[in-house]
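User: I have a chain open on my screen and would like to go through it with you. Can we start with the fold and then move on to single residues?

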Amino acid sequence: MSDHVYKKLELVGSSETSIEDAVRNAVAQCGESVKQMRWLEVMETRGHIEDGELKHWQVTVKIGFTIDRSR
């Protein structure tokens, strides 16, 4: 196994449904432009409240990806 170098991006995903969907939304959106994603860290979880009701979840994640050494 060769040595790897990683970079991290911090993103905030949101969902009206669940925390898990908020994370999935962040990963999916990131995956459209970032290749070689390897792991994530959930940093913060919070909810947005309107008129006394939970309207959507917001989850801050850091996504780690491998730096392409071929360039």
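Analyst: We can take the overall fold, then the sheet, then a few residues. Keep in mind that this is a predicted model.

User: Fine. How many helices and strands are in the chain?

Analyst: The chain has 1 helix and 3 strands. Going along the sequence, they come in the pattern β-α-β-β.

User: Is the chain spread out or compact?

Analyst: Spread out, relative to a compact globule: the radius of gyration is 15 Å, well over the 11 Å that the globule rule gives for 71 residues. Along the principal axes, the C-alpha atoms fill a box of roughly 50 × 20 × 15 Å.

User: And what share of the residues counts as buried?

Analyst: 21% of the 71 residues. The accessible surface of the chain is about 5400 Å², and carbon and sulfur atoms account for 47% of that.

User: What about contacts over long sequence distances, what percentage is that?

Analyst: Take the contacts between residues at least 6 apart in sequence: 62% of them join residues at least 24 apart.

User: On to the sheet. In what order do the strands sit?

Analyst: The order is β1-β3-β2, in an open sheet with antiparallel pairing. The edge strands are β1, residues 6-15, and β2, residues 37-50, and each of these pairs on one side only. From one strand to the next the twist averages 15°.

User: How many bridges join β1 to β3?

Analyst: There are 10, and the two strands run antiparallel, with β3 covering residues 53-66. As an example of the register, L9 has I63 in β3 as its bridge partner.

User: And how many bridges for β2 and β3?

Analyst: That pair has 12 bridges, also in the antiparallel sense. Here V42 stands opposite V61 in β3. β2 and β3 form a hairpin, with 2 residues between them.

User: Which residue in that turn has a positive phi?

Analyst: D51, at about 50°. D51 is not a glycine. Most residues other than glycine have a negative phi, so a positive value is worth a look.

User: Is D51 buried or exposed?

Analyst: D51 counts as exposed, because its relative accessibility is 78%. It lies in the loop between β2 and β3.

User: I also flagged Q36. What is its phi?

Analyst: Q36 has a positive phi of about 65°, and Q36 is not a glycine either. Its place is in the loop between α1, residues 19-31, and β2. With a relative accessibility of 42%, Q36 counts as partly exposed.

User: Changing topic: how many aromatic pairs does the structure hold?

Analyst: The structure holds 1. The partners are Y6 and W39, arranged edge-to-face, with 6.2 Å from centre to centre and 65° between the planes.

User: Where in the chain do the two rings come from?

Analyst: Y6 is in strand β1 and W39 is in strand β2, so the pair links distant parts of the chain, 33 residues apart. Those are the two edge strands of the sheet.

User: How accessible are Y6 and W39?

Analyst: Y6 has a relative accessibility of 39% and counts as partly exposed. W39, at 33%, also counts as partly exposed.

User: What else does W39 touch?

Analyst: Leaving out residues up to four places away in sequence, W39 touches Y6, K8, K62, I63 and G64. I63 is the bridge partner of L9. The C-alpha atoms of W39 and L9 are separated by 11 Å, with their positions 30 residues apart along the chain.

User: Last one, V12. Which strand is V12 in, and which residues is V12 in contact with?

Analyst: V12 is in strand β1. Apart from neighbours within four places in sequence, V12 is in contact with R46, Q58, V59 and T60. V12 and W57 are 45 residues apart in sequence, and their C-alpha atoms are 9.9 Å apart in space.

User: So if I want to look at the sheet again, which strand should I put in the middle?

Analyst: Put β3 there, since the order is β1-β3-β2. β3 has 10 bridges to β1 and 12 to β2.

Key: Residues numbered from 1 in each chain as written. Predicted model: local features only at pLDDT ≥ 70, side-chain atom pairs only at ≥ 80, totals over all residues. Heavy atoms only, no water. Pairing = 2+ DSSP bridges. Helix = DSSP H or I, 4+ residues; strand = E, 2+ residues; numbered from the N terminus. Axes fitted to C-alpha atoms, helices over the stretch in contact; angles between N-to-C directions. Rg over C-alpha atoms; globule rule 2.2 N^0.38 Å. Buried < 20%, exposed > 50% of the residue type's maximum accessible area, 1.4 Å probe, protein only. Contact = heavy atoms within 4.5 Å. Areas by Shrake-Rupley, 256 points an atom, 1.4 Å probe, with all protein chains shown as cover. Phe/Tyr/Trp six-rings, centres within 6.5 Å; stacked < 30°, edge-to-face > 60°.
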